[in-house]
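Visitor: Please take one strand of this structure and look at it closely. Begin with the chain as a whole, then work inward.

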Amino acid sequence: MSKGTYSFTTPIYYVNAAPHLGTAYTTIAADTVARYQRMNDYDVSFVTGLDEHGQKVAEVAADHGMTPQEWCDSMVGAFTDTWEMLNITYTSFVRTTSAAQHRTVQKFWQDLYDKGYLYKSSYEGWYCVHEETYYAESDLLRDEDGNFICPDCKRPVQRASGEENWFFKLSEFQQPLLEFYEKNPEFIRPETRRNEIVSFVSRGLQDLSISRSTFDWGIPLPFDEGHVCYVWADALLAYLTGIGYADPNREAEFNANWPMQYHFVGKDITRFHCVIWPAMLMAAGMPITHTVFGHGFLLTKGEKMSKSKGNALSPADMVKTFGVDAYRYYFMSDVQFGHDGSISLERMVQVYNNELANTWGNLVSRVFNMTKKYFDSCVPVVMDDDKPLVEANPLREIADELYATYDDAMSIVDFSGATQAVMKLASRVNSYVEEQAPWNLAKSEETQGQLAAVIYNALEAIRVIALYMAPFAPQTSAEVWRRLSLGDVFAVTDIQGASVWGALPAGHHVETGDPLFPRLDVEAIDFEE
Ligand code: MSP
């Protein structure tokens, strides 16, 4: 029996450009949650996908001499290949050009139309194609020549003058939203994002144009086919499509997974997720996702981490240099999720060498090599006399507390807190090995039992560390479990039960192998070529 469902999403990424460090960041975070909650006995739904409509995509396609559909089709592989390279285990990949998404969008907006939440009116105002966002004139900035520019991306904005649009009565939801935020303090996290949104909504809301009639790259509104759905009023609904909304064959799946636990998004798109989205759901009479988590930005400014520009480094460059696990681990452990984080090559090498090479990888090599040397590559049998050392030892104390600390951290997506808890155990095993000095114990017949206990404890701690490292560094954890002859670490569905001390069977073959994380020399890494 599982604990139930655990459902969450990444943003539905625009296909105007290939995935980059920023989009990979959210996706890695979501995968870390997916892997952990599966091991923690939940049925996980992890929705991601591609936002293929809108003016921005249509323009990029035209620039490349393709139809929008051709362009979108040509970009899908760049995303799915990157997610595969990063070992991302999404359960649903929604393309907004899919038939399923058409059904969702048409059903949802028809419903709101029927309920009287939509009206037709002419739109006077400004639109930024890059942000796919409407702006009031008072929100705009001006460039040096006095022309209006977008307050977010600083690009020129377009004047939409008298365009007939369908509007959603968003303004009616100001009070309901404020009450909802009040009653559900966990809806917007972290706290800073929440304050921004509450103050934004307190200033009043304008009705939202949800259709465009001046171009046709979008999903037609069922009650007025001359209009296509505004790209955000389309893409947000992909979250529903991902778990089977509007699909009669997936009704049970939808009901089991909605409302979701999390939407993981960058802080630049929290307004869409914390204002427009819950208002849409309220209008539809649907429950609202538990938490929208707006993470910070990765900043590379001032660093020489690029081929030409500071932020041009790709996920593939990272993987090539550091390996996929170190890439995932660094971004999750070193950048506090929810805050902006400066990333640098120097810091990455430092974290890699300190935590992964010296602490985790080295521990595995040392202890596995000693197992080979002193016990013919078998997990030693601990004699009765030595039991106290097994039952009460400093490693076991830390390991016994690990689940609670780690689970608390993971449930609020405090990835740094979770990795620190695991590293604490790994560091302690290293110092335990130093203190116990198995190489001295090996010298005398009398201390053979103690030697066995020390090696057993160290191996057992490694088994537990690999379990908790698995969501962050999946390949190496799988490899450690394989070398311990334990089978597939991702077959574990009860991580708490699996981490109970003493489960490592004596006699199991322990395989030595290549270092998990060979040390890196910062001087030898060159991203400039
Ligand atoms: N299509 C919309 C999302 C629709 S969701 C219903 C969109 N797509 S996007 O491709 O632009 O995705 C951007 C995501 O990547 C955002 O969550 C954004 O915050 C994130 N990032 C872009 N650059 C980033 C960094 N430098 N650092 C961290 N995340 C950043 O918006």
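Guide: The chain exposes about 21700 Å² (Shrake-Rupley method, 1.4 Å probe; for residues, only the protein chains shown count as cover), and carbon and sulfur atoms supply 48% of that area. This is a predicted model, in which local features need pLDDT of at least 70 and side-chain atom pairs count only at pLDDT 80 or more, while totals for chains, interfaces and linings use all residues. Residues are numbered from 1 along each chain as its sequence is written, and side-chain values use heavy atoms, with hydrogens and water left out.

Of the 529 residues, 54% count as buried (under 20% relative accessible area with a 1.4 Å probe, protein chains only; exposed is over 50%, partly exposed in between). The C-alpha trace spans about 90 × 55 × 40 Å along its principal axes. The radius of gyration, taken over C-alpha atoms, is 26 Å, which agrees with the value near 24 Å for a compact globule of 529 residues (2.2 Å times the number of residues to the power 0.38). Among contacts (heavy atoms within 4.5 Å) between residues at least 6 apart in sequence, 77% join residues at least 24 apart.

The chain has 20 helices and 17 strands; these are DSSP runs numbered from the N terminus, with helices (H or I) of at least four residues and strands (E) of at least two. The strand for the close look is strand 15, residues 291-295. It is mostly covered, with 5 of its 5 residues buried. That cover extends to both faces: T291, F293 and H295 lie on one side, V292 and G294 on the other, and all are buried.

Strands of a sheet pair through backbone hydrogen bonds, either parallel or antiparallel. Here two strands pair if DSSP finds at least two bridges between them. Strand 15 pairs in the parallel sense with strand 14 (residues 262-266) over 5 bridges, and G266 stands opposite H295. Strand 15 also pairs in the parallel sense with strand 9 (residues 188-189), over 2 bridges. In that pairing I188 has V292 as its bridge partner, and V292 is one of the buried residues of strand 15.

Elsewhere in the chain, 4 strands form an open sheet in the order 5-4-8-10, with antiparallel pairing. Its edge strands, strand 5 (133-135) and strand 10 (208-209), each pair on one side only. Within that sheet, 10 bridges join strand 4 (residues 118-128) to strand 8 (residues 158-168), and L118 has F168 as its bridge partner.
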